[in-house]
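Me: I have a model open and want to learn how to read it. Can you take me through it feature by feature?

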Amino acid sequence: MLYYLFNYLNKNYSIPGGGLFQYITFRTAMAVIVSLIVTTVYGRRLIDYLRYKQVGETVRNLGLEGQMQKAGTPTMGGIIIILGILIPTLLFAKLDNIYIIMMIVTTLWLGAIGFLDDYIKVFKKNKEGLAGRFKITGQVGLALFIGFTMYFNTDIIIRQEVKLPVKYDAPVGFHLKNNTPVYTQDIKSTKTTMPFYKNNEFDYGKVLNFIGKGYDHYSLVVFLFFVIVIITAVSNGANITDGIDGLATGTSAIIGITLVILAYVSGNTVIADYLNIMYIPNSGELVIFAGAFVGACVGFLWYNSYPAQVFMGDTGSLAIGGIIAVFAIMIRKELMVPLLCGVFLIENVSVIMQVSWFKFTKKRYGEGRRVFLMAPLHHHYQKKGFHEAKIVTRFYIIAILLAILTIVTLKLR
């Protein structure tokens, strides 16, 4: 909103400093600052309100040290994160940008599913919360919305090098790259970024080329499959990771900083050309959203770090996981998610291994056996006697190393 206001004032009244709102870097910085203010200052008030309403966490006794002391800690704090994301985005981003619209829809959509789950747990006294099938249905519904919009919306394009004569009906651009003439077009494409792969590009439309003529007609189906898997996996991965104080929040902040960098280089034609990576027109606005996301996570971490004064609940964990997944899809870096969100992946895999091995051994030997003392993995370390703060620190280090590796892969061929 402020972007449009200052743009109008600058054009008609030449307000000093009004032109700053034209710069993505300035608006991103402001989004981070406002997000921190919302989550820290007003977050405190919301926590007090949740405590007043007795919106406390119901803790099952799993035999973990210090676990029962957390009973009654305010939950549904994900509302703070969502407000910390949406308010700066609405103030500083271009609201007619298709990428921003889709990120706002994602935040509200998964935030609503998580809120409903927490509401059932807290107010209906049902520890199971929203049935898993309804969560998955909501996540798949969002994935279909994102997939169809990405595939059909004419504002979602990439800039691709072409050779004359061109086969697409779109304006042709020309520039020199390393003293070599290059022709480009902004076109609809099913290409994405593939790490550790020649030219770092992968085309969903060619996955089924082995079936012969007409394989490209199934590109939408292939794309939707990947989108559904990524959104549900990352969203649930963040949910599983949210098991000890500050783990999901801090890890998401680290991932968010990486997404800021990836979105900025993908939306800047000069840097994208220099790094020889995919340029995505109009995606630069996503940097502002990512800045608000990082600010919201860091601000919430102030209250969520050990010992936590508030838990985000599914309201926050489902939302931040979905935001990360959809954001990566927007900037066409979704195939880098297993690396970028490695902590979420490790947590997910630990649960899958634990459950699968238990069922297999119970069927074969009549007695279930376990790979870990408890799943997900952070509970395994708790059972081994590690302090929560030490576990979180180690996971943060892993998240930072994976983030650095993700950025480095942009230049690996």
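Reply: Start with burial. Buried means under 20% relative accessible area, exposed means over 50%, and partly exposed lies in between (1.4 Å probe, protein chains only). Tyr-42 is partly exposed, because its relative accessibility is 47%. This is a predicted model: local features need pLDDT of at least 70, side-chain atom pairs count only at pLDDT 80 or more, and totals for chains, interfaces and linings use all residues. Residues are numbered from 1 along each chain as its sequence is written, and side-chain values use heavy atoms, with hydrogens and water left out.

Me: Where does Tyr-42 lie?

Reply: Helices (H or I, at least four residues) and strands (E, at least two) are DSSP runs, numbered from the N terminus. Tyr-42 lies in helix α2. Its C-alpha is 9.5 Å from that of Gly-84, and the two are 42 residues apart in sequence.

Me: Is Gln-139 buried or exposed?

Reply: Gln-139 counts as buried, because its relative accessible area is 1%. It belongs to helix α5. Gln-139 and Trp-109 are 30 residues apart in sequence, with 8.7 Å between their C-alpha atoms. Now take Ile-15, in the loop between α1 and α2. It is partly exposed, at 32% relative accessibility. From its C-alpha to that of Pro-165 is 47 Å, and 150 residues separate them along the chain.

Me: Which side chains of strand β1 are buried?

Reply: Look for alternation. In β1 (residues 158-162), Ile-158, Gln-160 and Val-162 point to one face and are buried. Arg-159 and Glu-161 point to the other face and are not buried.

Me: How many bridges join β1 to β3?

Reply: Two strands pair if DSSP finds at least two bridges between them. Here 5 bridges join β1 to β3 (residues 180-187), and the strands run antiparallel. Across from Gln-160 stands Gln-185 in β3.

Me: How many aromatic pairs does the structure have?

Reply: First the rule. Rings of Phe, Tyr and Trp (its six-membered ring) pair if their centres lie within 6.5 Å; planes under 30 degrees apart count as stacked, over 60 as edge-to-face and the rest as tilted. A search of the whole structure finds 14 aromatic pairs. Take Phe-21 and Phe-92: their ring centres are 6.3 Å apart and their planes are at 20°, so the pair is stacked. The pair links distant parts of the chain, 71 residues apart. Phe-21 is in the loop between α1 (2-13) and α2 (24-52), while Phe-92 is in helix α3 (residues 78-92). Both Phe-21 and Phe-92 are buried.

Me: Which residues form an aromatic cluster?

Reply: Phe-202, Tyr-204, Phe-223, Phe-225 and Phe-226 form one.

Me: Where is Arg-369 relative to Tyr-365?

Reply: A charge sits over a ring if NZ of Lys or CZ of Arg is within 6 Å of the ring centre and within 35 degrees of the ring normal. Arg-369 lies over the face of Tyr-365, at 4.2 Å from the ring centre.

Me: How many cavities of 30 Å³ or more does the structure hold?

Reply: On a 1 Å grid over the protein atoms alone, a cavity is a set of points where a 1.4 Å probe fits but cannot get out; lining residues have an atom within 4 Å of a point. Grid points are joined across faces, edges and corners, and a volume is the space filled by probe spheres set on the points. The structure holds 1 cavity of 30 Å³ or more. The largest cavity has about 80 Å³ of space.

Me: Which residues line the largest cavity?

Reply: Among them are Met-150, Tyr-151, Lys-191, Tyr-204, Phe-223, Arg-332 and Glu-334. The elements giving two or more residues to this lining are α5 (132-152) and β4 (191-193). To sort the lining, count Ala, Val, Leu, Ile, Met, Phe, Trp, Tyr, Cys and Pro as nonpolar, Asp, Glu, Lys and Arg as charged, and the others, Gly among them, as polar. The lining divides into 5 nonpolar, 3 polar and 3 charged residues.

Me: What is phi of Arg-332?

Reply: It is near 60°, a positive value in a residue other than glycine. Arg-332 lies in the loop between α10 and α11 (337-340). It is buried, with a relative accessible area of 5%.

Me: Which residues does a cis peptide bond join?

Reply: One such bond joins Tyr-306 and Pro-307, with omega about -10°. Pro-307 lies in the loop between α9 (286-304) and α10 (313-330). The bond from Ala-375 to Pro-376 is also cis, with omega near 0°.

Key: 1 Å grid on protein atoms, 1.4 Å probe; cavity = no way out; pocket = protein on both sides within 12 Å on 5 of 7 lines; lining within 4 Å.
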